[in-house]
Amino acid sequence: MTVQLLTPEGMFQPVPYHHVSVATGTRHVHVAGQIARDADGSPVAPGDLRGQLAHAMRSTARGLAGAGATFSDVVRLRFFVTGWQPEMYADFVAGIEDVTEELSLPTPLPPLSAIGVDYLFEPDVLVEVEAYAVLD
């Protein structure tokens, strides 16, 4: 396995992700921020954080697959969420859970950061997902 995920004793729990990843491969895959757009660039799930996150995760999976990777090769995920408020957490987690089985997401997830921002490059975009993976 190229990526080892772990949470050393004494680190904050419970969280739905590991705190640490160790990558030993030589081929690095970076998937740029994916948003809720279909292949033609049309918006998907307007106004729906849960739906946009699920779609962005599917697009991230396509990007990984294009490079010969899967979510099991992911070292780190980064989420940017517009107008973040704590009450959005349930929809955020639900968006991930909606695609966990479909995309074979590891549980817990690799280390991740969820970063609240004022806005992304288009006003209807609620979330953006970036992935970094390592392959042998």
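**Exercise 1. Determine in which strand Thr82 has its place, and whether Thr82 is buried or exposed.**

Solution. Thr82 has its place in strand 4. The model is a predicted one, and every value below is computed from it.

Step 1. The relative accessible area of Thr82 is 11%. A residue counts as buried under 20%, so Thr82, at 11%, is buried.

Step 2. Leaving out residues up to four places away in sequence, Thr82 touches Met88, Val117, Asp118, Tyr119, Leu120, Val125 and Leu126.

Step 3. The strand as a whole can now be considered. Strand 4 is mostly covered, as seven of its nine residues are buried.

**Exercise 2. State which strands are joined to strand 4 by bridges, and in which direction each pair runs.**

Solution.

Step 1. Strand 4 and strand 6 are joined by seven bridges and run antiparallel. Within strand 6, Val127 stands opposite Val81, and Glu128 is the bridge partner of Phe80.

Step 2. Strand 4 and strand 5 are joined by six bridges and run parallel. Here Val81 stands opposite Gly116 of strand 5.

Step 3. Val81 therefore appears in both steps: it stands opposite Val127 in strand 6 and opposite Gly116 in strand 5. As a rule, side chains in a regular strand alternate between the two faces of the sheet.

**Exercise 3. Give the order of the strands in the open sheet, and identify the edge strands.**

Solution.

Step 1. The open sheet has four strands in the order 3-6-4-5, and the pairing is mixed.

Step 2. Strand 3 and strand 5 (112-117) are the edge strands, since each pairs on one side only.

Step 3. From one strand to the next, the twist averages 10°.

Step 4. Helix 1 packs on this sheet, where it touches strand 3, strand 4 and strand 6. The direction of helix 1 makes about 30° with that of strand 6.

**Exercise 4. Describe the largest nonpolar core: how many residues has it, and which elements supply them?**

Solution.

Step 1. The core has 31 residues. Those that touch the most other members are Leu53, Met57, Leu64, Phe71, Leu77, Phe79 and Leu105.

Step 2. At least two residues of the core come from each of the following elements: strand 3 (27-34), helix 1 (49-66), strand 4 (74-82), helix 2 (89-100) and strand 6 (127-135).

Step 3. With seven residues, helix 1 gives the most to the core.

Step 4. Leu53 serves as an example. Apart from residues up to four places away in sequence, Leu53 touches Phe79, Phe92, Gly95, Ile96, Val127 and Val129.

Step 5. A general tendency may be recalled here. In soluble globular proteins, nonpolar side chains tend to be buried together.

**Exercise 5. Compare two loop residues, Gly25 and Pro8, by place and by accessibility.**

Solution.

Step 1. Gly25 is in the loop between strand 2 (20-23) and strand 3, whereas Pro8 is in the loop between strand 1 (3-6) and strand 2.

Step 2. Gly25 has a relative accessibility of 17% and so counts as buried. Pro8 has a relative accessible area of 31% and is therefore partly exposed.

Step 3. Gly25 lies 110 residues from Leu135 in sequence, yet their C-alpha atoms are 4.8 Å apart. Beyond its neighbours within four places in sequence, Gly25 is in contact with Thr2, Val134, Leu135 and Asp136.

Step 4. Pro8 and Glu101 are 93 residues apart along the chain, and their C-alpha atoms are separated by 26 Å.

**Exercise 6. Summarise the chain as a whole, and explain why it is described as being as compact as a globular protein of its length.**

Solution.

Step 1. The chain has two helices and six strands, which follow one another along the sequence in the pattern β-β-β-α-β-α-β-β.

Step 2. The radius of gyration is 15 Å, and the globule rule gives 14 Å for 136 residues. Because these values are close, the chain is as compact as a globular protein of that length.

Step 3. The C-alpha trace spans about 40 × 35 × 25 Å along its principal axes.

Step 4. Of the 136 residues, 43% count as buried. The chain exposes about 7,300 Å², of which carbon and sulfur atoms supply 53%.

Step 5. Among contacts with a separation of 6 or more, 73% are between residues 24 or more positions apart.

Technical notes. Residues numbered from 1 in each chain as written. Predicted model: local features only at pLDDT ≥ 70, side-chain atom pairs only at ≥ 80, totals over all residues. Heavy atoms only, no water. Core = buried A, V, L, I, M, F, W, Y, C linked by side-chain atoms within 4.5 Å. Buried < 20%, exposed > 50% of the residue type's maximum accessible area, 1.4 Å probe, protein only. Contact = heavy atoms within 4.5 Å. Pairing = 2+ DSSP bridges. Axes fitted to C-alpha atoms, helices over the stretch in contact; angles between N-to-C directions. Rg over C-alpha atoms; globule rule 2.2 N^0.38 Å. Areas by Shrake-Rupley, 256 points an atom, 1.4 Å probe, with all protein chains shown as cover.
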